[in-house]
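Reader: Please take me closely through the sheet architecture of this model, with the strands, the helices packed on them and the residues that join the parts. I should like each term given with its cut-offs.

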Amino acid sequence: MKKLFGKLKKISPKRLLLGAALILVLIIFSAAITYSFIKQSIDERFEQLFSTKTSQFVASLPPFHLKQKFTKDQLETLLAYSGYQFKKDSDELLMNEYSWLSSGNETQLILLRDVSPYPGKLLPQSKAIFRFDAEGAFLVIREIWEETTQGNVETFELAPRRISSYVAGRLRTQIPVALSDIPVNMRHAVMAIEDIHFLTHGGVSLRSTLRALYRDLRARRFVEGGSTITQQLMKNLFFSREKAVSRKVKEAIYAFVTESTHSKEAILEAYLNEVYLGQWSTHEIHGVSEAARFYFNRSIFDLTLSQSATLAAIIQAPNNHDPRRHPENSIKRRNLVLKKMLEADFILPDEYELAVSEPLGVVPGDHNLQDTGYFMDLIFSELPEDIKTRLDTEALTLYTALNPYLQLQASNILKDHLTRLQKDYATLAKKAKKGLQLQSAFISVDIPTGQVIALQGGSSYQKTQFNRILQGKRQPGSLFKPFVFLAAFDKADFSPPFTAITELDGSPFEWAYEGGQTWSPRNYDKDSPEKMTAREALENSINIPTARLAQIVGLDSIIDLLKRSGIQSPLPKIPSISLGSVEVTPFELADSYSSLAHLGKGHKLHGLLKVVSQSGQTVFEPTFQEEDRLPAAASYLTIQILKGVLSQGTAKAAALSGLPIQNMAGKTGTTNDYKDAWFVGFTPSLLTLVWVGYDEEENVGLTGSAAALPVWIDYMKRATPFYYEEDFKIPDGILEFRVNPK
């Protein structure tokens, strides 16, 4: 050390001063470069925030129409899911509210519809009055009076509902809005609880930082951040949520630079649009506008003072202050926000007293579409690449076929059913304890159009993104059997002609095929009769007579019909294919059965309807031509037997459940060793397919009638308003006669 001081004494003061000056210049130069780099990063991020467009995916309920049938509970649930709130006094209705009126024996519903917020959907504000006839537990729409036309109409549409957004290159629940569109109460609530000195500090509040440091030191851990709104924004935009001193320093530096280059208005707008306010399924809720929809089913413009304070209360700890899961915590924090607003003179004492007395008013969590991820997989598979590249640059609106009410029913029913199965069956419960999760998949299709209106590719998209409808290949088992009978009905050289009362041989046999191989089918039920009609064989899903019939009609005919119906997976020419031994996706099966249900007419199954620009111009609209896939007469005859599956066959539980099955048909499916359980059921207008099984090589140990059919029954009971009661139409070439069964 003495040597060092000795050397310094030998250096002249002039040289020391010069060295110090050089060091200072280097520091200033480095600081300038660092400042320039940080400023550029912040400017680019702000530019991205304010210029990024948000594309929206929306779904629409089919219009209300005359003779449509609802229970009162179904109608109220549907309206709630569509964003309508009930009000007792019909004279005080606001937009997107409804009220019931009863006069004598007549029931009326009054509804106020706001304008559609989406381009390409011109729905004006309107008032509608629905008059109903009572039919047991159902209300049947008799008359719809509409204000716009000042008269009765046959249909009435509700505005579309957003199901997802695309922001900055990914799906995200976020709709940025201008600061001028955010209510003053919302801005004041956030500033009061998060940063009361926001308008006066330069990015970092020394007072808040010292207070936080003192409390952290006392607790010997991070208990308070002391961050300003600007610092929080910098953390959200550039840094992780890790609690570390180094991160806090970086936040402060970035906050200083931001405040020196951007206005308070721009910073607050960015913060209110970016702030994290909770999560549903795999989606994070960002921004107060999105949170207003998620928690209150309201536009940001319509929030009350109390609701604004509730959203501000969530910011500190979105999980702990979630108003649905922790209402007491949320109310306590909300009231603190209101108290801070009162102390800051943002609100008056009477406003404070009224707001703290209000209930939270959040909508139930199940009113939010939590499992649309599987359906969105389908939509993205249908989007052309050039449209995908425009999603976050042009603010497109993508209209989909999803029925939000039915999607929610499907999601809830599947979850409840899987829970019930694993509770009621000991073997399934044991597997669950070992970590083996029973899975299910579900798809519902509007048959005349081929539109997919509900899709659930697993128990929960948050837990597993593997889409079992689109990607999961499974053996269909008995679901292939109807196509064996379809091929027989279509075979012209049967003598006498093949009918539902044709007698089939059910005795065991051996089928020899190519390469000297043999196959011997077996029945699930060892006591199956050796003689039975074709109707009995298919209604009760008996293997041996079905395999014998397949041998007679030929594998080529069966495979040809399966391919024409919509099966795209390879179909090897082996006898066991008649009993569904090959692997296909549930999506293919739904496509195939839709062709059968539509009496041989088929559409490519799809979920995307059209893509509309911000100005309302259609930029993409897929077209799907109806195809002649299967013979109409043979399809009709096959359906007539499949109707018997529900009344007296393997799915007779449907009839016993009270479901009106007069115009319904279906087929159970169970694969070897009970690995896969299936049911597909349909009316002339609505088809639904259900699969239950394990992703692993595990046996469910249950038939399709036990594991899958109950899901379909529950769903169809809730789907009453969305399918018609008409029966399958008799095609040309079919004559019906009454015969003596003896």
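Author: Two strands are taken to pair if DSSP finds at least two bridges between them. The strands themselves (E, at least two residues) and the helices (H or I, at least four residues) are DSSP runs, numbered from the N terminus. This is a predicted model, in which local features need pLDDT of at least 70 and side-chain atom pairs count only at pLDDT 80 or more, whereas totals for chains, interfaces and linings use all residues. Residues are numbered from 1 along each chain as its sequence is written, and side-chain values use heavy atoms, with hydrogens and water left out.

On these terms, one open sheet has 6 strands in the order 12-11-1-15-23-24, and its pairing is mixed. Its edges are strand 12 (170–171) and strand 24 (618–620), each of which pairs on one side only. Within this sheet, strand 1 (residues 55–59) and strand 11 (residues 161–167) run antiparallel and are joined by 5 bridges; Ala59 has Arg161 of strand 11 as its bridge partner. Helix 13 (residues 373–382) packs on the sheet and touches strand 1, strand 11, strand 12, strand 15 (397–400) and strand 23 (608–612). Contact here means heavy atoms within 4.5 Å. The direction of helix 13 makes about 60° with that of strand 11, where axes are lines fitted to C-alpha atoms, for helices over the stretch in contact, and angles run from 0 to 180 degrees between N-to-C directions.

The second open sheet to consider has 5 strands, ordered 17-16-28-27-26, with antiparallel pairing. Strand 17 and strand 26 (665–670) form its edges, each pairing on one side only. On average, neighbouring strands are turned by 10° against each other, direction ignored. At one end of the order, strand 26 and strand 27 run antiparallel and share 6 bridges, with Ala665 facing its bridge partner Phe682 in strand 27. Helix 15 packs on this sheet, touching strand 16, strand 17 and strand 28, and its direction makes about 35° with that of strand 17.

Strand 16 (residues 439–446) deserves separate attention. Of its 8 residues, 7 are buried, buried meaning under 20% relative accessible area, exposed over 50% and partly exposed in between (1.4 Å probe, protein chains only). Strand 16 pairs with strand 28 (residues 686–693) in the antiparallel sense over 8 bridges, and Ser440 stands opposite Val692 there. Strand 16 is also joined by 5 bridges to the antiparallel strand 17 (residues 451–456), where Val445 stands opposite Val452. The hairpin of strand 16 and strand 17 has 4 residues between the strands, and Gly450 in it takes a positive phi near 80°. In a regular strand, side chains alternate between the two faces of the sheet.

Strand 27 (residues 676–682) contains Asp676. Asp676 counts as buried because its relative accessible area is 5%. Its side chain makes a polar contact with the side chain of Arg474 (2.7 Å); a polar contact is a pair of N or O atoms within 3.5 Å, of which, within protein, one must be able to donate a hydrogen and the other to accept it, while residues adjacent in sequence count only if both atoms are side-chain atoms. Leaving aside residues up to four places away in sequence, the residues touched by Asp676 include Gln475, Gly669, Trp691 and Val692.

Pro476 lies in the loop between strand 17 and helix 17 (481–490). Pro476 counts as buried because its relative accessibility is 0%. Beyond residues up to four places away in sequence, Pro476 touches Gly580, Val582, Val584, Leu589, Gly669, Thr671 and Trp678. Its C-alpha atom is separated by 9.9 Å from that of Thr668, 192 residues apart along the chain.

Helix 15 (residues 404–424) also meets helix 25 (residues 709–718): their axes come within 10 Å and cross at roughly 145°. This crossing is right-handed; a crossing is left-handed if the near helix is turned anticlockwise from the far one by less than a right angle, and right-handed if clockwise. Among the residues in contact are Tyr405, Ile413 and Arg420 in helix 15, and Pro710, Asp714 and Arg718 in helix 25. By class, the contact has 8 nonpolar, 2 polar and 3 charged residues, with Ala, Val, Leu, Ile, Met, Phe, Trp, Tyr, Cys and Pro counted as nonpolar, Asp, Glu, Lys and Arg as charged, and the others, Gly among them, as polar.
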